[in-house]
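Q: Please take a close look at one part of this structure. Which residues lie around DNA strand C, and which come nearest?

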2 protein chains.
Amino acid sequence: MSENEHRKATIYDLSMKSGASASTVSAVLNGTWQKRRISAETARRITALAEELKYTANQQARALRSSRSGLAGLLLPVYDTRFFSSMAQTFEAQARQRSLLPVVVSGRRDPEEERRVVESLVAYSIDSLFIAGATDPDGVHRVCAAAGIPHVNIDLPGELASSVISDNRQGARALTKAIIDHARQGGPLSPDDVYMFGGRDDHASRERVIGFHAAKTEIFGTASGGDTENTGYSPSMTALAFERFYARHGRLPRCFFINSSINFEGLLRFMGGHDEQTFADIVVGCFDYDPFGSFLPFPVYMIRPDITKMLERGFDLLDHENATPHLITIEPQLVPPRTALKGPLDELRDKDAR
Amino acid sequence: MSENEHRKATIYDLSMKSGASASTVSAVLNGTWQKRRISAETARRITALAEELKYTANQQARALRSSRSGLAGLLLPVYDTRFFSSMAQTFEAQARQRSLLPVVVSGRRDPEEERRVVESLVAYSIDSLFIAGATDPDGVHRVCAAAGIPHVNIDLPGELASSVISDNRQGARALTKAIIDHARQGGPLSPDDVYMFGGRDDHASRERVIGFHAAKTEIFGTASGGDTENTGYSPSMTALAFERFYARHGRLPRCFFINSSINFEGLLRFMGGHDEQTFADIVVGCFDYDPFGSFLPFPVYMIRPDITKMLERGFDLLDHENATPHLITIEPQLVPPRTALKGPLDELRDKDAR
DNA sequence: TGTGGTTGCACCATCGATTGTGCAAGCGAG
DNA sequence: CTCGCTTGCACAATCGATGGTGCAACCACA
């Protein structure tokens, strides 16, 4: 598995071969050589030599000395949904632009696991951390604060650090209006035909419930209670909720709002056990975007958070280091049924296929 | 953004407060203290102190000295498909089990970018690298070999290092048979009704084409030419291919095989521009699994590679360090239409939702 | 020729952990 | 009381890069 393992070149190798001292070499390769009044000629010689020997700095040594590791952390609940995986993709691109190495970890929605994985990042002295969808953002905050690591919350806000989130309330309101409008085309609709499934007791879910009810009130003039069901972010619990509803009413609601694509997977599981008739006249809204989800056999309206903008704002916050926590809200996008949006995949080089 | 940034404790802090030397502290915390004949009592004292001060080792320093960083790399083309994102998820779990910190990067199917990002990993002296779906595995191999980094190919084989891949040929054969059998239930089918879209000139695609043709030959007794279209791994190119086909024949093929979920997104884009009638009687196979894809308005058979097993075998290969490259093949799973498989999401703690 | 200022670089401590080596104290045997 | 062995640990070099400080050489000017 090895072939020609000449050890990697260090500044000392460059120092020997160039006749300059190690500190000179370091200064040249850092770009700080002007400040140290190294002659242009010496700088040129060393740069050329570095190129020739394919020198790249040992980041551990650099980090140890300068206590900046060049690592940028992102904490996700899971990778395995389109929302979070495109967040990882976008994060990587933006981190690299700032010549940081992105390190993405998942906390599995377990407050303890979240703290553990963040501590493992802290051990590598990451320079900054994005906390996305943490169950306990403030617990993670404390770990970061103790280690002096700048951090922001993305998508779920925390009390103790700045946050960039989607406008969940307005998004949910728009989504709810869209599915009700659509469902009404199929005949009159009562408030009791409009439900919400999924989510838990977190900020995003609460806001979405408010938006959901706001839309219902606007349209029907009155809100009905008992029209939402918290199932956590779990496919199996969500599937159970649908089964229960179905057992009780002999059908699904005409029109319903699903809190996230993870909960949507619960609907898929329910679908697996029932015949296509069951879904003949439903209209669904999902607060997340998944291209395949958009083309299911019934109308699916989706909300796509603006991940790129959220992360950009996040990096801005890190750069400016506010003393008091800020909260930034980003408008998400309403996506009508049967829509295949472009995404990170389109930036691939593979367009010129053979 | 900061509050009580007492610097993190080091072995020197522990040394001072315990009265022992730094080297003793190090030995104790490493578990090598028996070998160094440190008394159990001293060990206990230091361990307790470490716990109290919440000591965690500075990984940069450890890495610098011992030249083992504790980082495990995974190179992906992209995050943003269910296949690769669940690979990232599974990789994280398996790396952590070995107390490594997973670092996942994406090479965007660009040979140069692949090498660049791997070099950035090498600068952090990662201990090992999994190369998944690289466009140029052998180029990446050379970077690793030069740095003496153990590595294996996953999913796409390379000549120069060991590889763990899916059985693409048998998988494609099974998938092709499944869609043909299904399509035949809707009436007689000719070989000209069975197409393949997507992929490029890589090992996986070639094998899949062979499997595809093998199945057609088995069933129809003869293969027809011109029944496959390479579009690269690009949604937009694939969409174009479908448009072209549609323009020429006034319809889609009755039955077709799509090389990957990325290409499947090309079909989604095509679908966005056409009415549901267009898809009324097609049967589709996709060499990748996506739960939402499985429930589209037409039958979709899918193949799910066994990611867990592939990664496990990969770690085995790293552990055993074979001199000559090995090739390990793992059977993938055929998934019938309308199937929502369980996945990494189900291992989340969120089952006990409130 | 002496003084003062600039140029161009070298020296060295340092970051925190690891590890080979050395050595004092204690103990038993002779 | 001394020799030799074990026990229990300390010392110091080291990994590679960084950055503060010091200093020789050179130049200009009086």
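A: What follows is a walk around DNA strand C, then a look at how the two protein chains are related. This is a predicted model, in which local features need pLDDT of at least 70, side-chain atom pairs count only at pLDDT 80 or more, and totals for chains, interfaces and linings use all residues. Residues are numbered from 1 along each chain as its sequence is written, chains are lettered from A and ligands numbered from 1 in the order written, and side-chain values use heavy atoms, leaving out hydrogens and water.

There are 26 residues around DNA strand C. Each has a heavy atom within 4 Å of the strand. Nearest come Arg37(A), Ser39(A), Ile11(B), Tyr55(B) and Arg65(B). By class, this surface has 8 nonpolar residues (Ala, Val, Leu, Ile, Met, Phe, Trp, Tyr, Cys and Pro), 7 charged (Asp, Glu, Lys and Arg) and 11 polar (the others, Gly among them).

Now the strand's side. Of its atoms within 4 Å of the protein, 43% belong to sugar or phosphate; the rest belong to bases.

Some polar contacts (pairs of N or O atoms within 3.5 Å) stand out by name. In Ser23(A), a side-chain N or O atom is 2.6 Å from a base nitrogen of DNA strand C. Phosphate oxygens are met too: one lies 2.7 Å from a polar side-chain atom of Thr42(A), and one is 2.6 Å from a side-chain N or O atom of Tyr55(B).

Finally, the two chains. A rotation of 180° with 0.0 Å of shift along its axis superposes chain B on chain A, with RMSD 0.1 Å. The fit is by least squares on the C-alpha atoms of residues with pLDDT of at least 70 in both. That is the relation of a two-fold axis.

Technical notes:
Polar contact = N/O pair within 3.5 Å; in protein donor to acceptor, adjacent residues only side chain to side chain.
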